[in-house]
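User: Hi! Could you walk me through the ligand site in this one?

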Amino acid sequence: MSRIEQTFRDLKKKGRKALIPYIMAGDPSLDATKKFVIDLERAGADIIELGVPFSDPLADGPTIQRASERALQHGTTLKKVLALVKEIRRQSEIPLILMTYYNPVFKYGTGAFVKKAVSAGVDGMIIPDLIPDEAEDFIRLARQHRLDTIFLLAPTSTRERISRVAKASTGFIYYVSITGITGAKLSVGKSMKNRLDSIKSVTKKPVAAGFGISNPEEASKVAKLADGVIIGSAIVKLISQGKSIKNFIKAVRKAV
Amino acid sequence: MNKKSDKVPDSKGHFGQYGGRFVPETLMPALIELEKAYRKYRKNKDFLQELKILQKDFVGRPTPLYFAGNLSEYLGGPKIYLKREDLCHTGAHKINNAIAQALLARRMGKTRLIAETGAGQHGVATATGAALAGLECEIYMGSEDIRRQALNVFRMKLLGAKVTEVTLGSKTLKDAINEALRDWTTNVRNTHYVLGTVFGPHPYPVMVRDFQSIIGIEAREQIMKAENRLPDCLIACVGGGSNSIGLFHAFLKDNIRMIGVEAGGHGIKSGKHAARFAGGSLGIFQGCKSYLLQDRDGNVLGTHSVSAGLDYASVGPEHCYLRDLRKIEYTYATDREALRAFELLSKIEGIIPALESAHAITEAVKVASSMNKKSIIIVNLSGRGDKDVQEVARIKGIRL
Ligand SMILES: Cc1ncc(COP(=O)(O)O)c(C=O)c1O
């Protein structure tokens, strides 16, 4: 069983939901990112997503776009993020997921990347512009080396898409909680419940929801419906303003 | 051999190793819906009839195939014909695709069109299609392009479209596409994204090609009528690749030399260009796998061309496939060469070409010297140069 699966299983036993913060690696620096990871773990995060900057983040809103631009300006690359993960692993065993667009991975060489990522200590990958239909090689390599492949579902997903994505995902399934890009406005209501129910009816895999969750109240509502809550833009924004993220995460932890 | 795997593109839009669908999951249902609608309407009599009438009475098709006698004589070599897409309503071939997609969107029950634009020609064409079909319209355009194609920005507004400036990244076409994709991801339920070239996720590369292939179908008939034989060489500029594939497609089974001309900018060594085949490598960008100008880490590089319509980091996947098969050759023309051709055609033929099309003219001038008088070249004159007059004056240091 993977470290991510184990985390969800342990939480379930305790009747708790996963808190999954997202930060952009290299914003403002890789050293800072390492410190944030330790802070987030201490403040109650269960799994951490590290964004890898890309020149054209087409699934992201302005907050993460700007963080990505800053990280690139500071010379952050996929290679350096892998080195960072290796360093973090000396201090922490928290499950780590890289979130990046497909081209940097493709350019690295998918096979070489998967091996390197696993040996550095990466537990799973989220690639928003890679759908299972195009991921045959990636999935095969990831299974071989035990890297979790987390694919996304959206409010627009049809039954057919739900089954396909559920089947291709390991670790958990990422439910995109809004029809839109990261950081946009969320509304938690009956339709979200219905959609999560229909995903749950085809799979037993955990489902974590993210995109647009910006405060403890929203996190608490989403936690009632999903197995995990992913928070990105809200944290990235705090970091960009030079504010502390510990108190925010503690508050969200309490709410989840 | 399995018949299904022989089809190009395959059912998921792969031209060999190129193409496919690399998009957020949110868009998948819309792409599947679009593909189904397209497959249905491309054979639907009503739709085809409606399109045919508009191509004739609204766009002004068929566009002439003009024997450029002065240019031919000046070069002293082959007969040069120009396919006059510059005479299309709104001034470029872009309208062929935009009108067809607007009609398709209306039949799909969409109420809003969005599009990216570089040169502004596709934006104007989409705004025109939206006005015609009675749909709301928003166009995304990089601030650098807004500056150099100011005339087209005003035209779009006159046509009732909202023009949204994109100030992120390199502030050109690729950033406008990112914004359009973000808008589509957010408003996908009522909005159709009118992609302007043979690029992006399946079914766009096939669909746009089919809507543009009328260029070559007409040109083939016209040259047979004029010369009673097929041409020896076809030349077109390649941005995303829609006017070129539009001309070439009807001739692919013939043994004809075909040349696609990319933007050489300040030259390949300078790094300031948009010649994907000369300077790029395989990558995945904005929906498909293709040749891409990228750095070692897979980030997309900034591009440069004097012509906004060719100033893009990647190229249609079918072009990569046809290049591998050696059906089409690719070369480039620099800014300086294109500006020279822009002036040459204006003075010698009385036709001011779009700066994009001037890249194709450059290549015609180059190959003419190695061809005899009996040879025939068709150059696709993809658009007219009115939109570029101001920018060319600026470059020449002339204040208007
Ligand atoms: C006049 C003209 N020609 C050519 C192009 C390049 O596009 P494509 O390669 O898709 O024909 C453009 C794009 O804006 C254009 O406006």
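User: Where does the ligand lie with respect to domain 1 and domain 2 of chain B?
Analyst: Happy to help, and keep in mind that this is a predicted model. The ligand lies between the two domains, because domain 1 (15-55 + 94-208) and domain 2 (60-91 + 213-395) of chain B both give residues to the shell around it.

User: Nice. Which residues come nearest to the ligand?
Analyst: There are 19 residues around it, and Thr197(B), Gly239(B), Gly241(B), Ser242(B) and Ser382(B) come nearest. By class, the shell has six nonpolar, 11 polar and two charged residues.

User: And which polar side-chain atom lies 2.6 Å from an oxygen atom of the ligand?
Analyst: That one belongs to Ser242(B). Asn243(B) also has a side-chain N or O atom 2.8 Å from a ligand oxygen, and for Lys94(B) a polar side-chain atom is 3.1 Å from an oxygen atom of the ligand.

User: How much of the ligand does the protein bury?
Analyst: The protein buries 97% of the 390 Å² that the ligand exposes when taken alone.

User: Switching to cavities: how many are there of 30 Å³ or more?
Analyst: The count comes to four. The largest cavity has a volume of about 320 Å³. It is lined by 28 residues, and those closest to its centre are His93(B), Lys94(B), Ala119(B), Gly309(B) and Glu356(B).

User: What is the largest cavity, in terms of the ligand?
Analyst: The largest cavity is the space that the ligand takes. Lys94(B) therefore turns up twice in our chat: its side chain has a polar atom 3.1 Å from a ligand oxygen, and Lys94(B) is among the lining residues closest to the cavity centre.

Definitions and conventions. Residues numbered from 1 in each chain as written. Chains lettered and ligands numbered in written order. Predicted model: local features only at pLDDT ≥ 70, side-chain atom pairs only at ≥ 80, totals over all residues. Heavy atoms only, no water. Near = heavy atom within 4 Å. Polar contact = N/O pair within 3.5 Å; in protein donor to acceptor, adjacent residues only side chain to side chain. Areas by Shrake-Rupley, 256 points an atom, 1.4 Å probe, with all protein chains shown as cover. 1 Å grid on protein atoms, 1.4 Å probe; cavity = no way out; pocket = protein on both sides within 12 Å on 5 of 7 lines; lining within 4 Å. Sits in = over half its atoms within 2 Å of the grid points. Nonpolar A, V, L, I, M, F, W, Y, C, P; charged D, E, K, R; others polar. Domains from an automatic or database assignment. Points joined across faces, edges and corners; volume = space filled by probe spheres on them.
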